[in-house]
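Q: I'm new to this one, so please take a close look at a single part for me: the lining of the second largest pocket. After that, carry on into whatever else helps me find my way around.

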Amino acid sequence: METTTVTYATSGGIARIRLNRPAQLNAISPGVLEDLDRACAAIEADPGVRVATLTAAGRVFCAGADLRAVQELSPDPVRWAGFMRLWHRVFNRVEALPVPVIAGVQGLALAGGLELLLVADLVVADAEARLGDQHANFGLVAGGGGSQRLPRVVGARRAKELMFLGGWLDAAQAQAWGLVNRVVPAGTLETAVDALAAELAEKSVSASRTVKALVNRAGDTDLTSGLEMELHLTAAHMRGPDAAEGLRAFVEKRTAVFARD
């Protein structure tokens with residue numbers, strides 16, 4: 001797979017996507033979106049991938065949209081709409097990947113960078129990282145999914161506070177708000193993300209896929225429909241080989257070993 005703005009590699013059941021525009025603070029351009037789209041396609045086509053990581057080269061995870069692209073495209077309604085529809089399509093695709101996606105954040109995750117975190121399943125942050133939605137400071141509005149995904153994660157009042165005021169959260173605050181799962185000591189982010197990915201890679205792919213589908217849809221359906229969906233998806237999982245292996249391992253008092261494709 002040829003990419004110019006991200007790197008992509010797989011080993012041990014882990015797909016590693018890394019934003020690779022450190023000189024531009026990994027700002028999101030049309031090229032970044034196209035490369036992320038290619039990475040998603042590679043993951044979807046590879047049955048050996050059990051988990052994916054999303055990290056960034058350099059000192060900053062992502063400072064938001066590429067301002068050169070914004071200035072070039074925003075005056076033209078057609079081109080701007082095309083850029084934002086591409087953005088939404090790719091972020092939706094990352095969110096819908098059939099494996100867990102772990103984001104690792106160092107430095108800053110601002111505006112579009114925060115929106116990118118919101119499509120990951122788990123987030124690990126360096127203790128010195130800062131997160132925020134800076135759009136309000138420049139008279140702008142989050143258009144990359146932030147207005148819809150942020151309140152689903154942190155609640156409406158906290159989302160409005162971030163989006164009205166354009167403020168920052170340090171890593172500990174972000175964890176307290178539910179934006180981050182784990183905060184790790186400065187300088188240990190890559191090791192922590194790899195360790196979490198390796199742990200997830202040992203789990204059942206079918207179970208992880210089922211959990212992700214159920215939780216992702218939980219906010220978009222009523223409880224009765226959600227419980228019915230749970231009945232169907234968990235029943236399908238229970239008929240598969242991973243559930244059978246898990247039950248055998250429980251009876252035999254050993255660690256389950258799940259088949260790798």
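A: Sorted by class, the lining of the second largest pocket has 15 nonpolar, seven polar and four charged residues. (Nonpolar covers Ala, Val, Leu, Ile, Met, Phe, Trp, Tyr, Cys and Pro; charged is Asp, Glu, Lys and Arg; the others, Gly among them, are polar.) Bear in mind that this is a predicted model, where local features need pLDDT of at least 70 and side-chain atom pairs count only at 80 or more, while totals for chains, interfaces and linings use all residues. Residues are numbered from 1 along each chain as its sequence is written, and side-chain values use heavy atoms, leaving out hydrogens and water.

The second largest pocket has a volume of about 640 Å³. (On a 1 Å grid over the protein atoms alone, a pocket is an open set of points with protein on both sides within 12 Å along at least five of seven lines; a cavity is a set where a 1.4 Å probe fits but cannot get out; lining residues have an atom within 4 Å of a point. Volume is the space filled by probe spheres set on the points, which are joined across faces, edges and corners.) To get your bearings, find Ala65, Leu67, Val70, His135 and Leu140: of the 26 residues that line the second largest pocket, these are the closest to its centre. Three helices, α2 (67-73), α3 (77-95) and α4 (112-117), each supply at least two residues of this lining. (Helices are DSSP runs of H or I with at least four residues, strands are runs of E with at least two, and both are numbered from the N terminus.) The largest share comes from α3, with four residues.

Now for the largest pocket, whose volume is about 780 Å³. Of its 25 lining residues, Glu95, Ala120, Asp121, Val215 and Asn216 are the closest to the centre. Elements that give two or more residues to the lining of the largest pocket are β6 (122-126), α5 (146-154) and α9 (205-218), and α9 gives the most, six residues. By class, the largest pocket's lining splits into 13 nonpolar, six polar and six charged residues.

Let's stay with α9 for a moment. Its axis and that of α10 (residues 223-238) come within 10 Å and cross at roughly 175°. That makes α9 roughly antiparallel to α10, a label for angles over 145 degrees. (Axes are lines fitted to C-alpha atoms, for helices over the stretch in contact, and angles run from 0 to 180 degrees between N-to-C directions.) On the α9 side, Ser206, Ala207, Thr210, Ala213, Leu214 and Arg217 meet Met229, Glu230, Leu233, Thr234 and His237 of α10; contact means heavy atoms within 4.5 Å. The contact of α9 with α10 has five nonpolar, four polar and two charged residues.

What about closed spaces? There are two cavities of 30 Å³ or more. The largest cavity, at about 40 Å³, is lined by Leu114, Glu115, Leu118, Asp133, Ala142, Gly146, Leu150 and Met163. You've met two of the helices here already: α4 and α5 each supply at least two residues of that lining. By class, the largest cavity's lining has five nonpolar, one polar and two charged residues. The second largest cavity, about 30 Å³, has Ile17, Cys40, Ala52, Leu54, Val94, Leu97 and Val101 around it. That lining has seven nonpolar residues, no polar and no charged.

On to the sheets. Six strands form an open sheet with mixed pairing, in the order β1-β2-β3-β4-β6-β9. (Two strands pair if DSSP finds at least two bridges between them.) The edge strands are β1 (6-11) and β9 (182-184), each with a single partner strand, so one side of each is left without a neighbour in the sheet. From one strand to the next, the twist averages 20°. Further in, β4 (residues 101-105) and β6 pair in the parallel sense over four bridges, and Gly104 has Val124 as its bridge partner in β6. Helix α8 (residues 189-201) packs on this sheet, touching β2 (14-19), β3 (51-56), β4, β6 and β9, and its direction makes about 155° with that of β6.

Another open sheet has three strands in the order β5-β7-β8, again with mixed pairing. Here β5 (108-110) and β8 (168-170) stand at the edges with a single partner strand each, so each has one side without a neighbour in the sheet. The twist of the three-stranded sheet averages 15° from one strand to the next. Strands β5 and β7 (residues 130-132) run parallel, joined by three bridges; Ala109, for instance, has Leu131 as its bridge partner in β7.

How values were computed. Parallel < 35°, antiparallel > 145°, perpendicular 65-115°, else oblique.
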